[in-house]
Amino acid sequence: MAVSLDDIDRKILKALQKDASVSMDGLADQIGLSRNACWRRAKALEASGFIRGRVALVDAAKVGCGLSVFVLIKTAQHDTDWLDRFERAVTGMPEIMGAHRMAGELDYILRVRVGSVDEYDAFYQRLISKVPVANISASFVMDDIKDTTELPL
């Protein structure tokens, strides 16, 4: 699918990725458009699905979720019943921030946020009680060198 964005649309998206709480007047000033023209473009980007939502980025450590973990999963089962169980388990566990089906040696990677190793262990126990896996391992993040939500436009 071809992406049809012009330079002004890209500027709007870049600005909103940095601060979605910016006022329409402030956004228009940044982009160099009138308020009305900027508002129409932003609404068009929302209506066409380029902007899926606007959120607040919460400091994970301040809310007790300072430990970031990548969970690497291999499964011996690839049938639809197992996949349905896995998807239900993943979508029902709020600690899982991202879940990705992979090509290659691993089947799935989960990005998990918890407060401690003990909380991770409790998460792990709940996960494996919901769905069988052939192999599961975890890598604990020691330092976030780069962690962003901004897409490269």
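When I say contact, I mean heavy atoms within 4.5 Å of each other. The model is a predicted one. I will start with one residue, move on to the helices around it, and end with the largest pocket.

The residue is D9, which sits in helix α1. Setting aside neighbours within four places in sequence, D9 touches S4, R41 and L45. Is D9 buried or exposed? The cut-off for buried is under 20% relative accessible area. D9 comes out at 11%, so D9 counts as buried.

Two of those partners, R41 and L45, take us to the next helix, because they belong to α3 in the contact of α1 with α3. Helix α1 covers residues 7–18, and helix α3 covers residues 35–47.

How do we describe such a pair? Two packed helices are described by the angle between their axes and by the distance between the axes. For α1 and α3, the axes come within 10 Å and the crossing angle is roughly 80°. Angles of 65 to 115 degrees count as roughly perpendicular, and α1 and α3 are therefore roughly perpendicular to each other. On the α1 side the contact has I8, D9, I12 and L13, and on the α3 side C38, R41 and L45. By class, that contact has 5 nonpolar residues, no polar ones and 2 charged.

Now the other helix that packs on α3. Helix α2, residues 24–31, has an axis that comes within 9 Å of the α3 axis, and the two cross at roughly 100°. That angle makes α2 roughly perpendicular to α3. From α2 the contact takes M24, D25, L27 and A28, and from α3 it takes R35, C38, W39 and A42. Here the split is 6 nonpolar, no polar and 2 charged. C38 of α3 appears in the contact with α1 and again in the contact with α2.

Last, the largest pocket. What volume does it hold? About 1600 Å³. Its lining has 43 residues, and those nearest the centre are V55, L57, T148, T149 and E150. Sorted by class, the lining has 23 nonpolar, 8 polar and 12 charged residues.

Which elements supply at least two residues each to that lining? They are α1, strand β1 at 67–74 and strand β3 at 108–114. Of the elements, α1 gives the most, with 4 residues.

So α1 comes up twice: in the contact with α3, and in the lining of the largest pocket. That is all I have.

Key:
Residues are numbered from 1 along each chain as its sequence is written. This is a predicted model: local features need pLDDT of at least 70, side-chain atom pairs count only at pLDDT 80 or more; totals for chains, interfaces and linings use all residues. Side-chain values use heavy atoms; hydrogens and water are left out. Axes are lines fitted to C-alpha atoms, for helices over the stretch in contact, and angles run from 0 to 180 degrees between N-to-C directions. Angles under 35 degrees count as roughly parallel, over 145 as roughly antiparallel, 65 to 115 as roughly perpendicular and the rest as oblique. Ala, Val, Leu, Ile, Met, Phe, Trp, Tyr, Cys and Pro count as nonpolar, Asp, Glu, Lys and Arg as charged, and the others, Gly among them, as polar. Buried means under 20% relative accessible area, exposed over 50%, partly exposed in between (1.4 Å probe, protein chains only). On a 1 Å grid over the protein atoms alone, a cavity is a set of points where a 1.4 Å probe fits but cannot get out, and a pocket is an open set with protein on both sides within 12 Å along at least five of seven lines; lining residues have an atom within 4 Å of a point. Grid points are joined across faces, edges and corners, and a volume is the space filled by probe spheres set on the points.
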